[in-house]
Amino acid sequence: MPNSSRKTIFTTISIDKEAAALVEKICKRYSLKKSEVVKLAFGYIDIAHINPSEAPESVKSELAKINKRQDDIIRFIRHYEEEQLNPMIRVTNSIALRFDAIGKTLETLILSQLKASQERQTTVLKKLSEQFGNHAGVINNQSKQINALYHIHQRDYKKLLQLIQLYSELSACGVMDSRKKENLKNEIGNLINT
């Protein structure tokens, strides 16, 4: 009973002895059937847009074309860095410097307010201690909570500065620094998730 699911129609072509020897040589070298060699060769010619009637150019001229393409790509990358990335890096750097200045100003302000608040709290605690000696434990707990909030703020502020630094480094990466970018992105993700 013939296989009815097979719909491939085979045909034959004639080639001279020299071409047949070349096909045999390629078949032996790569352990392929003749039909596979012909199919793969025609597929390659089609994908590479090679005109088989034209003589192949020299390896040097092909390498020169490849080098020219690489030079064009490198020129494009440099132009892109010059026109797009470098201004963006400068702006990002100035923003990071502003963030740093604002962060330091806020830290100074918070520390001064915290110091004033602690001084006021000490005065209140003394008065309350004189009047309500039994309630000193509750007041001490409030002081600990304020200090804990201060430490949380300090930790979050340091985390913010690290994030700004990492984002600045990430934006300073060139187009070709994909490994460094991935490492920075992982560091940023880890810092955000902690």
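Here are four short exercises on the predicted model above, each with a worked solution.

The model is predicted, so local features need pLDDT of at least 70 and side-chain atom pairs count only at pLDDT 80 or more, while totals for chains, interfaces and linings use all residues. Residues are numbered from 1 along each chain as its sequence is written, and side-chain values use heavy atoms, with hydrogens and water left out.

**Exercise 1. Work out which helices and strands the chain has, and what part of the chain is buried.**

Step 1: Helices (H or I, at least four residues) and strands (E, at least two) are DSSP runs, numbered from the N terminus. The chain has five helices and zero strands, giving the pattern α-α-α-α-α along the sequence.

Step 2: Buried means under 20% relative accessible area, exposed over 50%, and partly exposed in between (1.4 Å probe, protein chains only). Of the 194 residues in the chain, 12% are buried.

**Exercise 2. Compare the span of helix 1 with the expected value, then look at the residue just after it.**

Step 1: Helix 1 covers residues 17–30, 14 residues in total. The expected span is 1.5 Å times one less than the number of residues. From first C-alpha to last, helix 1 reaches 20 Å, close to the 20 Å expected.

Step 2: Just after helix 1 comes Ser31, with a positive phi of about 55°. Most residues other than glycine have a negative phi.

Step 3: Ser31 sits in the loop between helix 1 and helix 2 (34–47), and it counts as exposed at 66% relative accessibility.

**Exercise 3. Find the nonpolar surface patch that includes Ile95.**

Step 1: Ile95 belongs to helix 3 (residues 59–131). Its relative accessible area of 36% makes Ile95 partly exposed.

Step 2: Patch residues have over 30% relative accessible area and no salt bridge (a side-chain nitrogen of Lys or Arg within 4 Å of a carboxyl oxygen of Asp or Glu); nonpolar side chains (Val, Leu, Ile, Met, Phe, Trp, Tyr) are joined within 5 Å, like charges within 9 Å.

Step 3: Val91, Ile95 and Phe99 make a patch of about 260 Å², with areas from the Shrake-Rupley method and a 1.4 Å probe, only the protein chains shown counting as cover for residues.

**Exercise 4. List the largest nonpolar core and trace the contacts of Leu191.**

Step 1: A nonpolar core is a set of buried Ala, Val, Leu, Ile, Met, Phe, Trp, Tyr and Cys residues joined through side-chain atoms within 4.5 Å. The largest has seven residues: Leu163, Leu166, Leu170, Cys173, Leu184, Ile188 and Leu191. Helix 4 (136–172) and helix 5 (178–193) each give two or more of them.

Step 2: Contact means heavy atoms within 4.5 Å. Beyond its neighbours within four places in sequence, Leu191 touches Lys159, Gln162, Leu163 and Leu166.
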